[in-house]
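Grab a pencil and work through a few exercises on the structure below. Each one has a task, then a solution in steps.

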Amino acid sequence: MCGIVGLMATQPVNQALYDALTVLQHRGQDAAGMMTWHEGRFLLRKSNGLVRDVFHTRHMTRLKGHLGIGHVRYPTAGSSSEAESQPFYVNSPYGLALAHNGNLTNSDQLKQELYTTDLRHINTSSDSEVLLNVFAHELGKQGHHLNPEDIFDAVRRVHRRCRGGYAAVAMINGFGMVAFRDPQGIRPVVFGSRQTPQGQDVMIASESVALDVGGFELARDLAPGEAIFVDLQGAVHTQLCADRPLLAPCIFEHVYLARPDSILDGAYVYGTRMQMGRKLGDRLLREWPEHDIDVVIPIPDTSRTSALELAQHLGVTYREGFMKNRYIGRTFIMPGQTQRKKSVRQKLNAIDVEFAGKNVLLVDDSIVRGTTCKQIIQMAREAGANKVYFASAAPPVRYPNVYGIDMPAASELIAHGRSEAEVGELIGADRIFYQDLEDLKAACREVNPQIERFDCSVFDGEYVTGDIDADYLAALEASRNDAAKTQDGTGHAVVDLHNDVEDYD
C-alpha cells in the first residue's frame, strides 16, 4: 500500500508532485520521495517521514524540471530504512528512475536471475529495486534509440518475468515517462491530463484524488497489463502488454486503503462503502430483526460512510462517539504490537454522553488483529454503555495479503481459525456482525457492474496470480510476525548514489 505519482508537464512539476503526494499520504506514512529530470540530470530528495517533513523549501527549489515522479511508502518487503525509500535509480541503460506500489511474489527468484544471468547488483532488500532492474535489463535490449513500441516490448517482457501485484511509474532519461500495471490489475493506477497555454500536462497516480488536486481531468484507469508512455512532447501512447490480462482488483482498496473520494476501476469508493453499509444492515436485520440497538457509532475515519448508511437502513440514530487526534498515524501501519496498543487511547477519546446507558453498535471498516477494537469496546463500556455490539463492514480477515498490503502473519489475524462468535468473545463484544463476502463483492459491483472478479485473498485465501503455496506463506509468516519486525526496520542503511543523481539532505 504505497502511493505513486508521475507528471510530464509544460512547467515545473515539483509543487504539483508535492500536492499529489500530500493527498496520497494515507497510502504510506513511513517515507516519501521525489525525483525530477532536468537537462539530462536526475534530481532526488527522499527520506523517512511524512511528505510535509521530508520536503522543505531548500529541497523544492532544487527539484527542477518539467518531468518527475514521487512516492509515499510504508514497507511491505524489506526494511524501513531510508535506503529503502523511493524512487530508485539505475544509470544503465539511459538512466532510469522508478517508483512502485505493490509486491512481487517471485522477488527472490528474480533477484537471483538478475545476479547470475542479467549481471545486475541489487543493493537493498526492496522488491521495488528488483522491479526497476528487471525493467532496466529488458529495456536495454532495445538499443540506443527508443520508440514507444520498444518500450512496450520491454514492459511485455517484464510482465512475463514478474509475478504479483504491482503498479509502477518510471522516467527514462531523454525519452519520457512510462507506467504499467500488473496483468491482474490488483494494484490501482489512473491517468489524466490538463490543458495549459503551452500544451498538455499528463499525470499518472495511484488514485484519482491526486489528479483532482492538480486540476487534471481523469481519463481512465490503466487496464490490467497495460502500459502508458508519455514522450517529452506530452504525447500519450498506450498499449496492452500482458499475454493473459484479467481484471481482479484488490477489494481491500474499497474497504480501507483508498480515499472515499477516489474512483478506482470506474467505481466511486464512497459509493461502494455506502453499499457496504446497506448490505451489512440487511444481514443484521435478517439475523436479528428484533434488535435493541439504540445508537450506531463509527470508529473514525474509514467506517463513517458505511456506518451512516447502516444506521439509516436500521432506522437507528447515528452519532459521533469518538473524537480522533489527527496527529497520530494510522495504527494499521505501525510496525509493532506494543506501539499499536499504546497508540489507541492517544488516537481516540470517547464522548461519554453518547454512550451512557445505551446499547451501542460500533462500526469499523474491518477487524485485522483485533487489538484496536478490543480497546475501543472497553472504552465504550468505561464511557457508560449498557451493551456494546460490534459490526465490521468487511468479512473476517483470515489470510495474509501478498500483493502489497502489510497484512500481518496469519497467526496474528484474530479471525484466522476462529468463528465469528469466537472473535466477538475475544474482543469483548456482546454481539458481533461481519459483512458477507458475496455481499461485499455485490456492493462494489453495484457501483461498477463491469468488474467481474476481485482479489479477495485476505478473506477467502484464493490468490489470483495462482503462484502462492504453503511454503511461500510460511516464509511470509516468518518475515511478517511482530517478533521479526521488532528486530528489523530500525537501522539506517547507507546508499551509494550514482554521480549523476543529486541527493539533498
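**Exercise 1.** Work out which word describes how helix 5 and helix 6 lie to each other: parallel, antiparallel, perpendicular or oblique.

*Solution.* Keep in mind that this is a predicted model.
- Start with the geometry: helix 5 (residues 127-140) packs against helix 6 (residues 148-161) at an angle of about 130°, and their axes are 8 Å apart.
- Next, the cut-offs: 65 to 115 degrees counts as roughly perpendicular and over 145 as roughly antiparallel, with oblique for angles that fit none of the classes.
- The two helices are therefore oblique to each other.
- As for handedness, helix 5 and helix 6 cross in the right-handed sense.
- Who makes the contact? Helix 5 brings in Leu131, Val134, Phe135, His137, Glu138 and Leu139, while helix 6 supplies Ile151, Ala154, Val155, Arg157, Val158 and Arg161.
- Sort those residues and you get eight nonpolar, one polar and three charged.

**Exercise 2.** Find which strands stand at the edges of the six-stranded open sheet.

*Solution.*
- Write down the strand order, 5-6-7-8-12-13, with antiparallel pairing.
- Strand 5 (88-90) and strand 13 (236-240) each have a single partner strand, so one side of each has no neighbour in the sheet, and these two are the edges.
- Direction ignored, neighbouring strands of this sheet are turned by 20° against each other on average.
- Now zoom in on one pair: strand 6 (residues 96-104) and strand 7 (residues 164-172) are antiparallel and share nine bridges.
- In one of these, alanine 97 has methionine 171 of strand 7 as its bridge partner.
- Then bring the helices back: helix 5 lies across strand 5, strand 6, strand 7 and strand 8 (176-181), at about 125° to strand 6.
- Helix 6 packs on the sheet too, touching strand 7, strand 8, strand 12 (226-231) and strand 13, and its direction makes about 35° with that of strand 13.

**Exercise 3.** Track down some backbone oddities, and decide whether leucine 119 is buried or exposed.

*Solution.*
- First, the usual case: most peptide bonds are trans, and most residues other than glycine have a negative phi.
- Glutamine 86 and proline 87 are joined by a cis bond, with omega about 10°, and proline 87 sits in the loop between strand 4 (67-73) and strand 5.
- Serine 92 to proline 93 is also cis, with omega near -5°.
- Leucine 119 isn't a glycine, yet has a positive phi of about 60°.
- Exposed means over 50% relative accessible area; leucine 119 has 70%, so leucine 119 is exposed.
- Aspartate 265 also has a positive phi, about 50°, but with a relative accessible area of 12% aspartate 265 is buried.

Definitions and conventions: Residues are numbered from 1 along each chain as its sequence is written. This is a predicted model: local features need pLDDT of at least 70, side-chain atom pairs count only at pLDDT 80 or more; totals for chains, interfaces and linings use all residues. Side-chain values use heavy atoms; hydrogens and water are left out. Axes are lines fitted to C-alpha atoms, for helices over the stretch in contact, and angles run from 0 to 180 degrees between N-to-C directions. Helices (H or I, at least four residues) and strands (E, at least two) are DSSP runs, numbered from the N terminus. Angles under 35 degrees count as roughly parallel, over 145 as roughly antiparallel, 65 to 115 as roughly perpendicular and the rest as oblique. A crossing is left-handed if the near helix is turned anticlockwise from the far one by less than a right angle, and right-handed if clockwise. Contact means heavy atoms within 4.5 Å. Ala, Val, Leu, Ile, Met, Phe, Trp, Tyr, Cys and Pro count as nonpolar, Asp, Glu, Lys and Arg as charged, and the others, Gly among them, as polar. Two strands pair if DSSP finds at least two bridges between them. Buried means under 20% relative accessible area, exposed over 50%, partly exposed in between (1.4 Å probe, protein chains only).
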